[in-house]
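Please look at the sequence and the model below, and follow the explanation with both in view.

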Amino acid sequence: MTKVAAAILVRNGRILICRRPEGKSQGGLWEFPGGKLEPGETPEICLARELYEELGIRVSVGAVYAVTRFAYPERTIDFTFLCCSLPEGEPLPLEHSSICWVQPHELKDYVFCPADVEIAGRIQKEGL
């Protein structure tokens with residue numbers, strides 16, 4: 001079982017989404033940024049570390065937005081989606097092919113990794 005923390009990173013009513021690089025698993029699809037928990041890490045610590053490594057930003061990690069499980073053919077992933085804010089700085093696509101700030105209703109215009117589709121739909125429906 002793989003455990004992953006992912007960010008619902010909001011700024012000025014927009015959400016940050018990231019496009020996975022071609023050649024990686026789910027390459028070319030969009031996702032909410034985050035990554036795998038290392039041994040002993042909490043989802044909050046993992047997310048702060050991953051967003052610094054992948055986007056060069058330091059975030060304030062807040063409440064849990066959702067906990068989901070998604071089964072890909074090769075593995076099952078337990079996700080913790082956490083609300084985050086960006087007190088300062090600008091994210092950079094250090095490990096993604098591109099990044100984008102979008103309004104909740106615009107999420108429908110992007111093709112997400114299967115594991116992120118449910119959360120993108122929930123945000124579209126419920127707002128932030």
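In this predicted model, the largest pocket has a lining of 27 residues, and those that lie nearest its centre are Arg20, Glu31, Gly34, Gly35 and Arg75. The space inside this pocket comes to about 510 Å³. Several elements take part in the lining, for strand S1 (2-11), strand S4 (34-36), helix H1 (43-55), strand S6 and helix H2 (114-126) each supply at least two residues, while the largest share, 4 residues, is that of S1. Sorted by character, the lining residues of the largest pocket comprise 11 nonpolar, 6 polar and 10 charged ones.

One of the strands just named, S6, spans residues 76-85 and includes Thr80. Thr80 has a relative accessible area of 15%, and it counts as buried because this value falls under the 20% limit. Leaving aside residues up to four places away in sequence, Thr80 touches Val4, Ala5 and Ala6, together with Pro43, Val64, Ala66 and Val67.

From the pocket and this strand the reader may turn to the charged pairs, since the structure holds 10 salt bridges. One of them joins Glu106 to Arg14, with the closest N and O atoms 3.7 Å apart. Because Glu106 lies in the loop between strand S7 (98-102) and H2, whereas Arg14 lies in strand S2 (residues 14-19), this pair ties together parts that are 92 residues apart in sequence. Both partners are partly exposed, Glu106 at 24% relative accessibility and Arg14 at 32%.

A salt bridge within a single helix is found in H2, where Arg122 and Glu126 both lie, 4 residues apart, which is about one turn of the helix. The closest N and O atoms of Arg122 and Glu126 are 3.1 Å apart. Arg122 is partly exposed, with a relative accessible area of 30%, whereas Glu126, at 53% relative accessibility, counts as exposed.

What becomes of Arg49 and Glu50, and are these two residues buried or exposed? They form a salt bridge with each other, in which the closest N and O atoms are 3.2 Å apart. Arg49 counts as buried at 17% relative accessibility, and Glu50 likewise counts as buried, at 9%. Arg49 and Glu50 also belong to a network of salt bridges, in which they are linked with Glu38, Glu41 and Glu53.

Methods. Residues are numbered from 1 along each chain as its sequence is written. This is a predicted model: local features need pLDDT of at least 70, side-chain atom pairs count only at pLDDT 80 or more; totals for chains, interfaces and linings use all residues. Side-chain values use heavy atoms; hydrogens and water are left out. Buried means under 20% relative accessible area, exposed over 50%, partly exposed in between (1.4 Å probe, protein chains only). Contact means heavy atoms within 4.5 Å. On a 1 Å grid over the protein atoms alone, a cavity is a set of points where a 1.4 Å probe fits but cannot get out, and a pocket is an open set with protein on both sides within 12 Å along at least five of seven lines; lining residues have an atom within 4 Å of a point. Grid points are joined across faces, edges and corners, and a volume is the space filled by probe spheres set on the points. Ala, Val, Leu, Ile, Met, Phe, Trp, Tyr, Cys and Pro count as nonpolar, Asp, Glu, Lys and Arg as charged, and the others, Gly among them, as polar. A salt bridge is a side-chain nitrogen of Lys or Arg within 4 Å of a carboxyl oxygen of Asp or Glu.
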